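This report is written for a reader who is meeting the structure for the first time. Please keep the sequence and the three-dimensional view at hand while reading.

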Amino acid sequence: QSVDIPPGGQYEIEIRCRPLYLGNPRVTIAFEFEDMESGINYHIIRFLSARVTDENAELLKPTAPYKRPTIKAKPKATHVVEGIPPPRSNRSQLKLTRMLVRYSIPAELRSSVSKGEIRGGSEYGELVRARLSHENYG
């Protein structure tokens, strides 16, 4: 419905709603206006908020502001054993017994796998499809 509001005039609207949940629902409402002289439309947008409650919510609301409970630190039972602390070092004391060999995937295998071209009869097909075992690893 279109209503003419003169400059400086007021128009009262009534909004009714049926919210599904308790709380503070927020709704965006947009008003469209037309300047009578220029014929240009413009909008005013407002955010509306309502407080939805019922008698049960009123009964359950807090009676005093929330205060965080104070936690009393309990002393931990400790038993100190005198001794010498272990040496601290950034280097591991473990000895390296075997150097690992650098393995490069063959270019044709990498290309075939990435293209999805590995078939049962290809050079690598059976090996790729086989279950990993000690014999075929490496």
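## Exposure, pairing and charge

Y137 has a relative accessibility of 65% and therefore counts as exposed, since the term applies to values over 50%. The model in which this value was computed is a predicted one. Along the chain, Y137 belongs to the segment that follows helix 3, a helix made of residues 125-129. Y137 and L127 are 10 residues apart in the sequence, and 9.7 Å separates their C-alpha atoms.

The report now turns to a pair of strands. How do strand 1 and strand 2 pair, and over how many bridges? They run in the antiparallel sense, and nine bridges join them. Strand 2 covers residues 41-49, while strand 1 covers residues 26-34. Within this pairing, F33 is found opposite Y42, a residue of strand 2. The two strands make up a hairpin, with six residues lying between them. In the turn of this hairpin, G39 has a positive phi of about 75°. As a general point, side chains in a regular strand alternate between the two faces of the sheet.

Charged residues come next. E34 has its place in strand 1. Is E34 buried, partly exposed or exposed? Its relative accessible area is 48%, so E34 is partly exposed. On the surface, E34 gathers with E32, D35 and E37 in a patch of negative charge. A residue can join such a patch because its relative accessible area is over 30% and it has no salt bridge; the 48% of E34 is consistent with the first condition.

How many salt bridges does a search of the whole structure find? The search finds two. One is formed by R51 and E58, whose closest N and O atoms are 3.2 Å apart. The other is formed by K61 and E58, and here the closest N and O atoms are 3.2 Å apart. R51, E58 and K61 are thus linked in a network of salt bridges. The table lists the accessibility of these residues.

| Residue | Relative accessibility | Class |
|---|---|---|
| R51 | 60% | exposed |
| E58 | 29% | partly exposed |
| K61 | 45% | partly exposed |

Why does R51 count as exposed? Its relative accessibility is 60%, and the class of exposed residues begins over 50%. E58, at 29%, counts as partly exposed, because this class lies between the limit of 20% for buried residues and that of 50% for exposed ones. K61 is likewise partly exposed, at 45%.

Note on methods. Residues are numbered from 1 along each chain as its sequence is written. This is a predicted model: local features need pLDDT of at least 70, side-chain atom pairs count only at pLDDT 80 or more; totals for chains, interfaces and linings use all residues. Side-chain values use heavy atoms; hydrogens and water are left out. Patches are made of residues with over 30% relative accessible area and no salt bridge: like charges are joined within 9 Å, nonpolar side chains (Val, Leu, Ile, Met, Phe, Trp, Tyr) within 5 Å. Accessible areas come from the Shrake-Rupley method with a 1.4 Å probe; for residues, only the protein chains shown count as cover. A salt bridge is a side-chain nitrogen of Lys or Arg within 4 Å of a carboxyl oxygen of Asp or Glu. Lys and Arg count as positive and Asp and Glu as negative; His and the chain ends are not counted. The place of a charge is taken as NZ of Lys, CZ of Arg, CG of Asp or CD of Glu. Helices (H or I, at least four residues) and strands (E, at least two) are DSSP runs, numbered from the N terminus. Buried means under 20% relative accessible area, exposed over 50%, partly exposed in between (1.4 Å probe, protein chains only). Two strands pair if DSSP finds at least two bridges between them.
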